[in-house]
Amino acid sequence: MNEQVNAHETVRRVDGPEETARVAADLAPHLGAGDAVLLTGDLAAGKTTFVSALVAALGSDVAVSSPTFSLAQFYATPGPRVLHVDTYRLADLTEFRDLGLDEYLDEVIALVEWGALVAREFVDPLYIHLATLPGPGDADAREITMRGGARWAPVLDAVAAAS
């Protein structure tokens, strides 16, 4: 994750997809148009699971899938639309810019998997890192680290208080 001045952070340990969904649901009411959430983590760490739960918590009943091959998908919600991007197959920032998605960023909630590649395109994004936790019998255990600048301080406090 990028280093930030005055960064705020909260960490949640979860024991499976249901608890991952709970963290996403705790975050959802705090998101609005123009917000960007950049997700990182190893393959199968739960990025798409988190996005799917977040889109559901925002009020969409659409089945979310990883846009690894389509690169970007929009989802309608009762509030702002969600733009779900996966930059895994992109070589660099220029390829992201070539997608022409910047014209939507002020009116959507942007959820970007493998978001470190495009972090410079967003002002004060929320960084979410999902890490698998080693150990026998804990195949679904994850640590979710959420970090952001001043805009995110009260959000992260609220998400931490909900645990």
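Here are a few friendly notes on this predicted model, going from the whole fold to one residue, Asp 35.

1. Starting with the fold, the protein has 4 helices and 7 strands. Followed along the sequence, these elements come in the order β-α-β-α-β-β-α-β-β-β-α. The radius of gyration is 15 Å, close to the 15 Å that the globule rule gives for 163 residues, so the protein is as compact as a globular protein of that length.

2. On dimensions, the C-alpha trace spans about 45 × 35 × 30 Å along its principal axes. As for packing, 46% of the 163 residues count as buried. Among contacts with a separation of 6 or more, 67% are between residues 24 or more positions apart.

3. Turning to the surface, the protein exposes about 7,900 Å², and carbon and sulfur atoms supply 50% of that area. The protein carries 11 positive and 24 negative charges, and the mean positions of the two sets are 2 Å apart.

4. Now to Asp 35, which you can find in the loop between helix H1 (17-27) and strand E2 (36-41). Is Asp 35 buried or exposed? Its relative accessibility is 10%, and because buried means under 20%, Asp 35 counts as buried.

5. What does the side chain of Asp 35 pair with? It makes a polar contact of 2.7 Å with the side chain of Arg 151. Arg 151 also appears in the list of residues that Asp 35 contacts beyond its neighbours within four places in sequence, together with His 30, Val 108, Ile 109, Ala 110 and Trp 152.

Technical notes: Residues are numbered from 1 along each chain as its sequence is written. This is a predicted model: local features need pLDDT of at least 70, side-chain atom pairs count only at pLDDT 80 or more; totals for chains, interfaces and linings use all residues. Side-chain values use heavy atoms; hydrogens and water are left out. Helices (H or I, at least four residues) and strands (E, at least two) are DSSP runs, numbered from the N terminus. Buried means under 20% relative accessible area, exposed over 50%, partly exposed in between (1.4 Å probe, protein chains only). A polar contact is a pair of N or O atoms within 3.5 Å; within protein, one must be able to donate a hydrogen and the other to accept it, and residues adjacent in sequence count only if both atoms are side-chain atoms. Contact means heavy atoms within 4.5 Å. The radius of gyration is taken over C-alpha atoms; the globule rule is 2.2 Å times the number of residues to the power 0.38. Accessible areas come from the Shrake-Rupley method with a 1.4 Å probe; for residues, only the protein chains shown count as cover. Lys and Arg count as positive and Asp and Glu as negative; His and the chain ends are not counted. The place of a charge is taken as NZ of Lys, CZ of Arg, CG of Asp or CD of Glu.
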